[in-house]
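Please read through this structure one part at a time. The text below starts with a term that is needed for a side-chain arrangement and then moves on to the domains and a single buried position.

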Amino acid sequence: MLEQVSAFVREHVQPSETVLDAGGEAGQAELARVRALAKSAGLWALPLPRDLGGGGLGLTEYFAWAEQEGSSDHGPAALGSACLLDVRMFRRFARPAVLELLKPLVAGEISGSYAMTEPGVAGSDPAAARTTAVRTSGGWLLNGRKWFTTGAGNASYVTVLASGSLFVTTDFRVVREIPVLGAAGQFEIALEDAFVPDDHLLGEGGDGLAIAGTRLALGRTLRCLRWIGMAERAFGLMCLRADERQVRGSALADRQLVQQHVFESLLAIRSARALTRQAAALVAAEQDARTEIGLAKVAAARTLHQVTDAAIQVFGAEGLAPGTLPMLARIGRAARILDGADEMHVSDTARRVLRTRAN
Ligand SMILES: Cc1cc2nc3c(=O)[nH]c(=O)nc-3n(C[C@H](O)[C@H](O)[C@H](O)COP(=O)(O)OP(=O)(O)OC[C@H]3O[C@@H](n4cnc5c(N)ncnc54)[C@H](O)[C@@H]3O)c2cc1C
């Protein structure tokens, strides 16, 4: 399975990254083409429940090859596993009206987005979010703005944090796309008296942040695995280049300063992988993994940033020309901010460890 996923991402997803990154109609058409290939190769939606049309693999099995799938930012969408977080969240907290979304979601016929972060408010402090949900007959009226809502431009529904609760709504307006270091995929959306029926509330109301917490544990673990997959890819390119490029009569690989880049990158990848596997084992066992996830998130984000930077350095100017390394470097830069800025994880993890030791 690992070999098959690895080969599929290498042969069918990575070559399409430029088109997929640009988004728009061409990006959507390319995604549909790659998805059709994944379906015919029997690699579609492997970690999704079998009764919804997925492959039924458990988290532990999925964690074993999420790195390979995630070696391209588009791997999870291309292989139909990007909806895993929504599916698990809805199965646990949604009512029947929302559960109807699951089959078309797993089939790739619709997609959803997840909107917590807002303009003008620190995303690191979700409790401060200003979007409101006010009771009305038969449901709620939502008002506010969200941004950096991944995939909202093509989404059929958005899960929105408002007044401390999570709602699933189809009533949102895309305000604009926000390119992140040139790449498509992020959007600002507006909720303007958006009516959300009662049965589109997740959980019991007021428990939105707790539900978000359960989603984030798995989400961050998967993100770490994917970042390590991308770092490994940049590392491979760097090593190839070091072997091939001759400077003043010898290969770059023979230069100690290049060897240092190779060593530090390998050290970072192996350390981040070990930390992430520790976190993943706890998440799969549904145990408290907050400290391990905090360590893994920061290590994996730093690793992708560090390794892509080293690879670009070893490539010289060519490493900055449009292609794989700038794309991976962009993701590495964003990694230190998204899924909770690194600083937040540093400070939350340290506080938790200090508290535990004091008790
Ligand atoms: C590519 C991308 C995709 C995203 N996708 C989504 C999505 O789909 N849905 C969604 O809701 N959000 C999404 N986000 C938003 C992301 O979750 C937020 O950017 C993140 O939570 C940080 O929030 P913020 O940007 O508002 O920064 P802020 O919270 O304002 O933080 C800014 C800076 O303040 C510092 N800081 C913050 N907290 C601390 C602390 N505790 N101690 C010390 N310093 C601190 C850090 O330097 C931090 O970078 C995405 C972001 C990016 C870049």
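A charge sits over a ring if NZ of Lys or CZ of Arg is within 6 Å of the ring centre and within 35 degrees of the ring normal. The model discussed here is predicted. In it, Lys39 has its charged end over the ring of Trp44, at 4.6 Å from the ring centre. Arg135 and Trp140 form another such arrangement: the charged end of Arg135 sits over the Trp140 ring, 4.4 Å from its centre.

Rings also pair with one another, and the structure holds four aromatic pairs. One of them joins Trp147 and Phe148. Their ring centres are 5.2 Å apart and their planes lie at 75°, so this pair counts as edge-to-face, the cut-off for that class being over 60 degrees. Trp147 has a relative accessible area of 25% and is partly exposed. Phe148, with 37% relative accessibility, is partly exposed too.

Next come the divisions of the chain. Domain 1 spans residues 2-82, domain 2 spans 112-205 and domain 3 spans 209-358. An unreviewed UniProt entry annotates residues 2-79 as "domain: Acyl-CoA dehydrogenase/oxidase N-terminal". Across residues 2-79, 64% of the chain is helix and 0% is strand. The C-alpha atoms at the two ends of that stretch are 13 Å apart.

How far apart are the centres of domain 2 and domain 3? Taken over C-alpha atoms, the separation is 29 Å. The contact between these domains takes 13 residues from domain 2 and eight residues from domain 3. The size of an interface is often given as the accessible area lost when the parts come together. For domain 2 and domain 3 the buried area is about 880 Å², and carbon and sulfur atoms give 78% of that area. Of the area that domain 2 buries against domain 3, 44% is supplied by Tyr114, Ser124 and Leu181, more than any other three residues supply.

The last stop is a single residue, Leu142, which is found in strand β3, residues 139-150. Is Leu142 buried or exposed? Its relative accessible area is 0%, so Leu142 is buried, given that buried means under 20%. Leaving aside residues up to four places away in sequence, Leu142 touches ten residues that include Thr132, Ala133, Phe167 and Leu191. Val160 is also one of the residues that Leu142 touches. Leu142 and Val160 are 18 residues apart in sequence, and their C-alpha atoms are 9.0 Å apart in space.

Terms used:
Residues are numbered from 1 along each chain as its sequence is written. This is a predicted model: local features need pLDDT of at least 70, side-chain atom pairs count only at pLDDT 80 or more; totals for chains, interfaces and linings use all residues. Side-chain values use heavy atoms; hydrogens and water are left out. UniProt positions are given in the numbering used here, feature names are shortened, and annotations may be inferred rather than shown by experiment. Helices (H or I, at least four residues) and strands (E, at least two) are DSSP runs, numbered from the N terminus. Rings of Phe, Tyr and Trp (its six-membered ring) pair if their centres lie within 6.5 Å; planes under 30 degrees apart count as stacked, over 60 as edge-to-face and the rest as tilted. Buried means under 20% relative accessible area, exposed over 50%, partly exposed in between (1.4 Å probe, protein chains only). Domain bounds come from an automatic or database domain assignment. Contact means heavy atoms within 4.5 Å. Buried area is the accessible area (1.4 Å probe) that two parts lose on being put together, summed over both.
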